[in-house]
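Please open the model in your viewer and keep the selection panel at hand. The stops below follow one another, each with something to select and something to look for.

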Amino acid sequence: MTIATWLLVLESVLLVATIILLIYSIREGRQRKNLLLEIGKTTKILTRQEYFLTVIDSMMDANEEIIGCITGRLPAGDDKKRVRDVIDAIERLSKRGVRIKYLLPKFPDRLHIGHLYTKAGAEVIYSSCLMVRNIRFITMDDRVVVIGIPESVGEREATKKGYRIPSEGLAMILKDYFKQCEKQISYIEYLREVIHQTGATPKILAHELQIDEEELERLAG
């Protein structure tokens, strides 16, 4: 073969080798991206889990009163177990005589958590005031505060993590703010309001809110 032919063969081999390396590089880049996404998901789960653990641990240290302003979103996935842990804590604390009061935004889907927390022994109220849409916190005995931080702006966004702050001053400020939130109504009052506004039957509403139908009829009666 002539030199030109050898050069052409060599160029073809190098071209094939370059294409193979490029393909491997693209695959490696995709795998690296997927790995980073998985790490990101794991980190988010851990920080959210830490938030719930911080809330429950702080609640169990309370001796007199707990007040909280929370989103009260319908739990899904791993959040069902976390909410169950909070409910267990409320039940134990209520038996010890600790007063527990929660403020939730006036969205019909928040009645599910209101029902569970009320049944566990907490007092649940609803409001459409600005505070309940913009801040998430829980105070214990006017001396410890756990503040929740959402993943992004919006009252419907999940709380990503929380900070535990031992501060009597901050606890008193938030408690006063809690009391000033206007147009507060109880869980029972809001439940009856939703039934009246929607005109839904107890069966349909019980299905939508994931509440026992007989229990709903009893509360709304």
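Select Y102 together with V124 in strand β3, which stands opposite Y102. Y102 itself belongs to strand β2 (residues 99-105), where strands and helices are DSSP runs numbered from the N terminus, a strand being E over at least two residues and a helix H or I over at least four. The model is predicted, so local features are reported only at pLDDT of at least 70 and side-chain atom pairs only at pLDDT 80 or more, while totals for chains, interfaces and linings use all residues. Residues are numbered from 1 along each chain as its sequence is written, and side-chain values use heavy atoms, with hydrogens and water left out.

Now widen the selection to β2 and strand β3 (residues 123-127), which pair in the parallel sense over five bridges; two strands count as paired if DSSP finds at least two bridges between them. Adding helix α3 (residues 111-120) to β2 and β3 completes a right-handed β-α-β unit, right-handed meaning that, with the strands pointing away from the viewer, the path from the first strand over the helix to the second runs clockwise.

Next, add strand β1 (residues 65-69), which runs parallel to β2 and is joined to it by five bridges, with I66 opposite I100 in β2. Between β1 and β2 the chain passes through helix α2 (residues 79-95), and this β-α-β crossover is right-handed.

Is Y102 buried or exposed? Its relative accessibility is 2%, so Y102 counts as buried, the term being used for under 20% relative accessible area, with exposed for over 50% and partly exposed in between (1.4 Å probe, protein chains only). Five of the seven residues of β2 are buried as well, which leaves the strand mostly covered. If you display what surrounds Y102, leaving aside neighbours within four places in sequence, you will find contacts (heavy atoms within 4.5 Å) that include M59, I90, Y117, V124, I138 and F178.

From here, colour the largest nonpolar core, a nonpolar core being a set of buried Ala, Val, Leu, Ile, Met, Phe, Trp, Tyr and Cys residues joined through side-chain atoms within 4.5 Å. Of its 40 residues, M59, I66, I90, Y102 and Y117 touch the most other members. Helix α2 gives the most to this core, with six residues. Another core, of 14 residues, lies apart from it and has C69, L103, I125 and C181 among its members.

Turn next to the aromatic rings, where rings of Phe, Tyr and Trp (its six-membered ring) pair if their centres lie within 6.5 Å, with planes under 30 degrees apart counted as stacked, over 60 as edge-to-face and the rest as tilted. By this rule there are three aromatic pairs. In one of them, Y102 and Y117, the ring centres are 5.0 Å apart and the planes at 50 degrees, so the pair is tilted. This pair links distant parts of the chain, with Y102 in strand β2 and Y117 in helix α3, 15 residues apart. Y117 is buried, at a relative accessible area of 5%. Then select Y126 and Y190, whose ring centres lie 4.8 Å apart with planes at 35 degrees, so that this pair is tilted. Y126 sits in strand β3 and Y190 in helix α6 (residues 187-198), 64 residues apart, and both are buried.

Switch now to charged side chains: the structure holds 10 salt bridges, defined by a side-chain nitrogen of Lys or Arg within 4 Å of a carboxyl oxygen of Asp or Glu. Within helix α2, R82 and D79 form one of them, the closest N and O atoms being 2.7 Å apart, and both residues are buried. K81 and D85, also in helix α2 and four residues apart, meet at 3.3 Å, N to O; here K81 is exposed at 57% relative accessibility, whereas D85 is partly exposed at 28%.

For a longer-range link, select K106 and E193, whose closest N and O atoms are 3.1 Å apart in a salt bridge. K106 lies in the loop between β2 and α3, and E193 in helix α6, 87 residues away.

Finally, move to strand β4 (residues 136-140), which runs antiparallel to β5 and is joined to it by five bridges, with R136 opposite G148 in β5. Three residues lie between the strands of this hairpin, in which D141 takes a positive phi near 55 degrees.
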